[in-house]
Amino acid sequence: MKTLIYIGLGGAIGSILRYLTSIGIQKKVAISFPLATFLTNGIGCLLMGLIVGYLTKNALIESNLKWFLVTGFCGGYTTFSAFSLENIQLIQQHQWATALIYSLGSVGIGIAAVYLGLWLSQN
């Protein structure tokens with residue numbers, strides 16, 4: 001139960017920060033490119049790398065900080081960071097084909113699923 005509280009608190013903070021980041025970027029830049037999401041994903045991935053690197057280096061990767069910061073905060077800020085970390089782990093394990101299938105499949109299925117959901121909800 002304690003782990004769920006850490007994840008929930010981190011997720012809430014990450015989600016709120018994602019919203020504030022998006023609003024802040026949209027107010028400053030008015031273009032048709034989805035810059036807010038693009039930058040949020042990039043920032044989230046950078047944070048994921050910094051946090052996982054720090055936790056690993058300091059033997060804290062199995063601590064409650066992992067649940068709060070990695071699963072909770074980064075997961076709430078952007079799930080793209082988790083997706084990117086999983087791909088890096090596959091690459092580090094020399095599972096090139098799996099990483100490629102996971103990357104292309106996730107993006108392809110994600111786009112197709114949103115399209116299907118929109119189509120189903122309108123028909």
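This report walks through the fold, the helix packing and a few individual residues of a predicted model.

## The overall picture

Let's start with the whole chain. The protein chain holds 5 helices and 0 strands, and its pattern along the sequence reads α-α-α-α-α. Along the principal axes, the C-alpha atoms occupy a box of roughly 50 × 40 × 30 Å.

Of the 123 residues in the protein chain, 23% are buried. Contacts can also be sorted by separation in sequence: among those between residues at least 6 apart, 58% join residues at least 24 apart.

## Helix 1 and its buried face

Helix 1 runs over residues 2-28, which gives it 27 residues. From first C-alpha to last it reaches 39 Å, close to the 39 Å expected at 1.5 Å a residue. Its buried residues are Gly10, Gly11, Gly14, Thr21, Ser22 and Ile25. What do the buried residues of helix 1 pack against? Their partners are helix 2 (35-57) and helix 3 (64-77).

A helpful reminder for reading such a list is that an α-helix has 3.6 residues a turn, so residues three or four places apart point the same way. Ser22 is a good residue to look at here: this member of helix 1 counts as buried because its relative accessibility is 16%, under the 20% cut-off. Leaving out residues up to four places away in sequence, Ser22 touches Ala36 and Thr40. Both Ala36 and Thr40 appear among the buried residues of helix 2.

Just ahead of helix 1 comes the segment that contains Met1. Is Met1 buried or exposed? Met1 counts as exposed, because its relative accessibility of 75% is over the 50% cut-off. Between the C-alpha atoms of Met1 and Cys45 there are 27 Å in space, with 44 residues separating the two along the chain.

## Helix 2, covered by its neighbours

Helix 2 has 23 residues, so at 1.5 Å a residue it should span 33 Å; its end C-alpha atoms are indeed 33 Å apart. The buried residues of helix 2 are Ala36, Thr40, Asn41, Gly44, Met48, Ile51, Val52 and Leu55. Helix 1, helix 3 and helix 4 are included in what covers them.

## Helix 3 against helix 1

The axes of helix 1 and helix 3 cross at roughly 35° and come within 6 Å. The crossing is right-handed. By class, the residues in the contact of helix 1 with helix 3 comprise 9 nonpolar, 10 polar and 2 charged.

Phe73 gives a residue-level view from helix 3. Why does Phe73 count as buried? Its relative accessible area is 12%, and being under 20% is what buried means, so Phe73 qualifies. Beyond its neighbours within four places in sequence, Phe73 is in contact with Gly10, Gly11, Ile13, Gly14, Leu17, Leu47 and Phe68. Among them, Gly10, Gly11 and Gly14 also belong to the buried residues of helix 1. Another pair to check is Phe73 and Ile16, which are 57 residues apart in sequence and have C-alpha atoms 9.7 Å apart.

## Helices 4 and 5

Helix 4 (residues 79-92) and helix 5 (residues 96-122) pack at an angle of about 160°, and their axes lie 8 Å apart. Because that angle is over 145 degrees, helix 4 is roughly antiparallel to helix 5. The crossing of this pair is left-handed.

Which residues make the contact? Helix 4 contributes Phe83, Glu86, Asn87, Leu90 and Ile91, while helix 5 brings Trp96, Thr98, Ala99, Tyr102, Ser103 and Ser106. Sorted by class, the contact has 6 nonpolar, 4 polar and 1 charged residues.

## Two loop residues with positive phi

Two loop residues are worth a look on your Ramachandran plot. Ala59 sits in the loop between helix 2 and helix 3, just after helix 2. Its phi is near 55°, a positive value in a residue other than glycine. Ala59 counts as exposed, at 70% relative accessibility.

His94 is found in the loop between helix 4 and helix 5. The phi of His94 is near 60°, again positive in a residue other than glycine. With 59% relative accessibility, His94 counts as exposed.

Technical notes: Residues are numbered from 1 along each chain as its sequence is written. This is a predicted model: local features need pLDDT of at least 70, side-chain atom pairs count only at pLDDT 80 or more; totals for chains, interfaces and linings use all residues. Side-chain values use heavy atoms; hydrogens and water are left out. Axes are lines fitted to C-alpha atoms, for helices over the stretch in contact, and angles run from 0 to 180 degrees between N-to-C directions. Helices (H or I, at least four residues) and strands (E, at least two) are DSSP runs, numbered from the N terminus. Angles under 35 degrees count as roughly parallel, over 145 as roughly antiparallel, 65 to 115 as roughly perpendicular and the rest as oblique. A crossing is left-handed if the near helix is turned anticlockwise from the far one by less than a right angle, and right-handed if clockwise. Contact means heavy atoms within 4.5 Å. Ala, Val, Leu, Ile, Met, Phe, Trp, Tyr, Cys and Pro count as nonpolar, Asp, Glu, Lys and Arg as charged, and the others, Gly among them, as polar. The expected span of a helix is 1.5 Å times one less than its number of residues. Buried means under 20% relative accessible area, exposed over 50%, partly exposed in between (1.4 Å probe, protein chains only).
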